[in-house]
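Trainee: I have a chain to go through and some words I want to test. Can we check each one against its meaning?
Mentor: Yes. Bring it up and ask away.

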Amino acid sequence: MTRDDLLAALTQRLGPQGVLLGADMAPHETDWRALFQGHAMAVLRPASTEEMADAVRLCAAARVPMVPQGGNTSMVAGATPDETATQIVLTTTRMTRIRDIDVNDMTMVAEAGVILKLAQDAARDAGALFPLSLSAEGSCTIGGVLSTNAGGNTTVRYGNARELMLGLEAVMPDGTIWHGLRRLRKDNTGYALRHLLVGAEGTLGIITAAALRLFPRPVEEAVAFCAVADEDAALSLFRRFRGRDESAVRAFEYMSAGSMHLVLDHVPGVSLPLAERAAHYVLVDLASSRPGANLRALLESVLEEAMEAGEVTDAALAESEAQRAAIWKLREEHPEGQKRAGASVKNDVSVPVSKVPEMVRRSCEALTRLIPGSRPVPFGHIGDGNIHMNLAQEPGTDPAAFLARSHDIMDCVNEIVRELGGSFSAEHGVGRIKTDMVEDWRGGAELAAMQAIKRAMDPHGLMNPGKVLRGL
Ligand SMILES: Cc1cc2nc3c(=O)[nH]c(=O)nc-3n(C[C@H](O)[C@H](O)[C@H](O)COP(=O)(O)OP(=O)(O)OC[C@H]3O[C@@H](n4cnc5c(N)ncnc54)[C@H](O)[C@@H]3O)c2cc1C
């Protein structure tokens with residue numbers, strides 16, 4: 001089948017609004033971080049699972065590689081086509097139905113293109129909670145967060161996307177539809193295909209819908225923004241809260257001065273709720289669905305203890321919903337602050353929670369030795385042992401020259417992370433950027449199994465080729 005024949009068949013099946021060509025493809029051809037400028041043959045926008053399946057079947061028959069895409073917020077260029085104009089992007093932007101919410105089963109069935117924020121809103125309107133929360137929630141999709149097994153702010157309490165998923169519906173690489181939307185809490189019936197697709201970054205098939213877990217809505221919340229003495233103090237504060245009431249800790253976030261001050265200096269509409277700038281900050285977010293939990297008293301008493309111990313040097317407690325939102329904005333704008341401040345290299349790493357202070361300190365020292373003048377800007381989910389150990393360029397220097405050192409920068413951090421028993425990718429995945437690290441870190445039996453699974457499920461290598469596994 002020629003390219004023109006394929007595009008004609010796809011247009012006939014999906015209608016003109018289902019096929020984008022030329023300049024209309026632009027937003028789908030580059031990644032969120034603008035590191036790659038891809039060129040697609042076409043961008044397909046199926047409106048239903050059946051349309052998606054037919055589109056995949058046509059592409060597979062023509063042996064045309066496909067790149068699944070949701071909100072295109074991947075931090076590792078996982079949803080970006082390559083530069084050859086031979087790949088077709090399959091976007092889920094028109095698959096946006098919430099098919100079902102059941103508050104007896106506490107489940108929601110959402111199509112892959114539902115924006116995460118809208119899934120949260122739908123759960124809230126039904127009197128329940130869908131707890132996954134990340135800074136990209138206004139753009140990223142259910143299909144995308146499952147395909148990357150996204151974590152985020154509430155992982156410490158509710159787990160990663162994988163833990164929030166009960167069943168999936170997906171289109172396999174040959175166009176077959178897999179109807180796996182089971183809403184079961186227990187289902188031990190052989191290999192868990194749903195868990196293979198979660199975190200596969202679109203390399204094994206396209207998720208078209210998911211059955212998700214819901215939770216009771218919190219009836220009490222309490223949020224504080226604190227200045228802490230150092231990284232050890234941040235971790236010690238986490239342990240204090242966990243020791244007093246683990247189930248109440250909904251989020252616990254660390255922010256270094258380097259990263260926080262980029263937000264304060266570059267992002268409009270934010271302000272520090274403390275008397276003066278500090279070297280380290282922590283956001284504590286407590287929530288409970290138990291009436292009378294008295295979280296405010298818990299927050300005050302733990303902070304008091306920590307102040308007496310010299311761990312917390314200042315703290316602001318949110319007195320209203322507006323103040324809570326303003327405090328959270330300070331945390332959520334970190335990716336934006338770094339983007340506005342120039343080029344930055346991202347190291348989304350994890351280590352055992354107890355090793356975070358050592359990892360951050362050693363990485364900061366090693367990075368400033370590697371590139372004098374550059375600015376380490378670590379922040380992240382310290383309660384999960386997951387820090388974005390990022391490095392921002394020196395102001396006024398050439399961003400391209402800085403980015404050319406990306407691999408040196410990542411290697412510098414990874415060497416320390418590896419020594420501490422950590423991972424080179426905690427939540428962003430592998431995408432196009434970290435395939436060499438998969439080979440290096442996951443060689444032997446693990447890599448062989450991954451390659452065998454990919455070859456078995458996608459024998460022609462058509463689903464997001466070159467992502468996660470090099471050459472497949
Ligand atoms: C500002 C910002 C903050 C972020 N914060 C976090 C965070 O706190 N925690 C975290 O884990 N991540 C975070 N991320 C990255 C995170 O991976 C994405 O936000 C999200 O998980 C991706 O969703 P998406 O819909 O944009 O997917 P895309 O970027 O479109 O795709 C991501 C990957 O999934 C694949 N994919 C997309 N949809 C499907 C589908 N339906 N079926 C199969 N494969 C599919 C793509 O091929 C690609 O490999 C952040 C990103 C940004 C820009």
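Trainee: Which domains is the chain divided into?
Mentor: This is a predicted model. The chain is divided into domain 1 (3–91), domain 2 (98–216), domain 3 (220–335), domain 4 (342–426) and domain 5 (434–472). Those bounds come from an automatic or database domain assignment.

Trainee: How many residues of domain 1 and domain 2 are in contact?
Mentor: The C-alpha centres of the two domains lie 22 Å apart. Contact is judged residue by residue, with C-beta atoms within 7 Å. By that test, 13 residues of domain 1 are in contact with 22 residues of domain 2.

Trainee: What gives the largest share of that side of domain 1?
Mentor: Helix H3 (residues 49–61) does, with seven residues. The side of domain 1 that touches domain 2 divides into six nonpolar, five polar and two charged residues.

Trainee: What makes a residue part of the shell around the ligand?
Mentor: Its C-beta atom, placed from the backbone, lies within 6 Å of the ligand. There are 37 residues around the ligand, and Gly70, Gly78, Gly143, Gly144 and Gly202 come nearest. The shell draws at least three residues from each of domain 1 and domain 2.

Trainee: Which elements supply at least two residues of the shell each?
Mentor: Strand S3 (66–69), helix H5 (142–147) and strand S10 (206–213) do. H5 gives the most, with four residues. By kind, the shell divides into 14 nonpolar, 20 polar and three charged residues. Gly counts as polar here.

Trainee: Why does the span of helix H8 agree with what is expected?
Mentor: H8 (residues 231–245) has 15 residues, so at 1.5 Å a residue it should span 21 Å. Its end C-alpha atoms are 22 Å apart, which agrees.

Trainee: What about helix H11?
Mentor: H11 (residues 321–332) has 12 residues and reaches 16 Å from its first C-alpha to its last. That is close to the 16 Å expected.

Trainee: Which residues of H11 are called buried?
Mentor: The cut-off is 20 or more other C-beta atoms within 10 Å. Ile327, Trp328, Leu330, Arg331 and Glu332 are buried in H11. Their cover includes strand S12 (220–228), strand S13 (249–256) and helix H9 (257–266).

Trainee: And which residues are buried in H8?
Mentor: Glu231, Ala233, Ala234, Leu235, Leu237, Phe238 and Phe241 are. Among what covers them are S12, S13, helix H10 (295–308) and helix H13 (356–370).

Key
Residues numbered from 1 in each chain as written. Predicted model: local features only at pLDDT ≥ 70, side-chain atom pairs only at ≥ 80, totals over all residues. Contact = placed C-beta atoms within 7 Å. Expected span 1.5 Å × (residues − 1). Buried ≥ 20, exposed ≤ 12 C-beta atoms within 10 Å, placed from the backbone.
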